[in-house]
Amino acid sequence: MKRQFLCKMISFTLAAVLTVENSMTVLASQTAPEAAQWESAFSENTSAEEGEGIVQEGPETPDTGDDGTVLDNTTGEPESSTGAGTEPTTEPSTGPDTEPTTEPSTGPDTEPTTELSTEPTTEPETEPESPPQEEKPAAPQILTPVTVSLQGQVSFRWNGVEKADGYHVYRSEGKEGEWQLCSPETIVGPEQETESGSEPDAGQFVFTDRAAQLGKAYYYKVCAYIMTESGKTEGDFSQVVDSRVELLGISFAETEVSVKKGETLQLLPEFAPVNATRGEVVWTSADESVAAVSQDGTVTAVSI
């Protein structure tokens with residue numbers, strides 16, 4: 001029984017193989033569309049028999065020709081080299097209108113070029129150092145009172161100051177007037193005799209104004225000076241003093257004088273004290289119909 005069953009199985013298998021070969025022969029003789037339709041129907045039947053779902057196949061292996069050229073699976077023609085998977089290569093144009101751009105290299109091997117300035121450099125001017133200034137002498141202190149002689153000469157003293165090489169005396173006829181330098185010969189120092197024959201005290205100096213007029217007021221100030229390369233350098237000034245002497249009264253030698261019509265008489269007043277500052281004397285007449293007087297004190301008789 002077993003041998004008969006095996007013989008039957010072999011016969012059945014051979015019949016199935018023959019059937020498949022006949023089917024493949026028929027497929028080979030059919031046209032391409034019919035073969036595709038038959039293959040699709042065959043695949044659906046096979047999928048239905050194997051179970052649910054459709055098994056997704058991997059990427060299709062491209063056909064190649066005898067020379068190794070890849071053929072299109074649908075048309076059988078060689079595939080184009082610029083297919084969907086190949087990007088075209090664009091070469092840069094080298095036409096006459098396009099000039100190549102050359103950018104400067106900024107790599108580490110490139111050193112920056114420093115251009116030398118051709119403009120002349122101006123160095124800051126250095127001011128010459130001024131020589132050290134000599135310390136100016138201090139201001140002298142005039143000793144009061146100021147004396148005025150009966151002839152009108154004015155004298156005063158002051159204490160000497162350190163580092164002084166000499167002194168200058170300035171005079172003015174008004175407190176706010178113009179100051180003028182007096183002659184230095186009128187200054188007498190220590191151990192020198194004055195016009196009166198006396199000597200200044202130790203460390204003192206005496207000035208005598210011989211040009212002063214009797215009865216006129218003057219103002220004075222003194223400064224010390226030192227000798228430098230540029231000449232005499234003066235220090236600070238002393239306080240201002242004046243020669244005014246208070247006027248106590250005016251009188252005449254004669255109180256009554258008789259003159260004839262047309263005659264003149266010069267009036268000579270007497271001031272007390274004699275060296276008093278007189279200022280300006282103003283003359284007036286009580287009755288000009290009898291006598292007239294000028295501003296210099298000259299009286300003229302007008303009538304009897």
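Buried here means under 20% relative accessible area, a cut-off that the legends below rely on for the individual residues of this predicted model.

**View 1. Cysteines of the predicted model, and the search for disulfides.** Cys182 has a relative accessibility of 14%, and because this value is under 20%, Cys182 counts as buried. Cys223 is likewise buried, with a relative accessible area of 0%. A search of the whole structure finds zero disulfides.

**View 2. The largest nonpolar core and the strands that supply it.** The largest nonpolar core holds 19 residues, and those that touch the most other members are Phe156, Trp158, Tyr167, Val169, Phe207 and Tyr220. At least two residues of this core come from each of strand E3 (141-148), strand E4 (154-159), strand E5 (166-172), strand E8 (204-209) and strand E9 (219-228).

**View 3. The surroundings of Phe156.** When residues up to four places away in sequence are not counted, Phe156 touches Ile142, Leu143 and Val146, together with Val169, and also Phe205, Val206, Phe207, Tyr220 and Val222. Among these partners, Val169, Phe207 and Tyr220 are listed with Phe156 itself as residues that touch the most other members of the largest nonpolar core.

**View 4. His168 and its polar contact with Glu234.** His168 lies in strand E5, and it counts as buried because its relative accessibility is 11%. The side chain of His168 makes a polar contact with the side chain of Glu234, at 2.7 Å. With neighbours within four places in sequence left aside, His168 is in contact with Glu234 and Lys232, with Leu181, and with Lys221, Val222, Cys223 and Tyr225. One of these contacts, Cys223, is the buried cysteine with a relative accessible area of 0%.

**View 5. Strand E16 between two pairing partners, E13 and E15.** Strand E13 (residues 264-266) pairs with strand E16 (residues 298-301) in the antiparallel sense over three bridges, and Gln266 has Thr298 in E16 as its bridge partner. Strand E15 (residues 291-293) also pairs with E16 in the antiparallel sense over three bridges, with Val293 standing opposite Val299 in E16. E15 and E16 form a hairpin with four residues between them, and Gly297 in the turn has a positive phi of about 90°.

**View 6. Segments of low confidence.** The chain averages a pLDDT of 73, and 53% of the residues score at least 70. Over residues 25-32 pLDDT stays under 50, and the model has three contacts beyond four places in sequence for this segment. Over residues 48-58 pLDDT also stays under 50, and here the model has one contact beyond four places in sequence. Where pLDDT is low, the predicted coordinates should not be read in detail.

Note on methods:
Residues are numbered from 1 along each chain as its sequence is written. This is a predicted model: local features need pLDDT of at least 70, side-chain atom pairs count only at pLDDT 80 or more; totals for chains, interfaces and linings use all residues. Side-chain values use heavy atoms; hydrogens and water are left out. A nonpolar core is a set of buried Ala, Val, Leu, Ile, Met, Phe, Trp, Tyr and Cys residues joined through side-chain atoms within 4.5 Å. Buried means under 20% relative accessible area, exposed over 50%, partly exposed in between (1.4 Å probe, protein chains only). Contact means heavy atoms within 4.5 Å. A disulfide is a pair of cysteine sulfur atoms within 2.5 Å. A polar contact is a pair of N or O atoms within 3.5 Å; within protein, one must be able to donate a hydrogen and the other to accept it, and residues adjacent in sequence count only if both atoms are side-chain atoms. Two strands pair if DSSP finds at least two bridges between them. pLDDT is the predictor's confidence in each residue, from 0 to 100.
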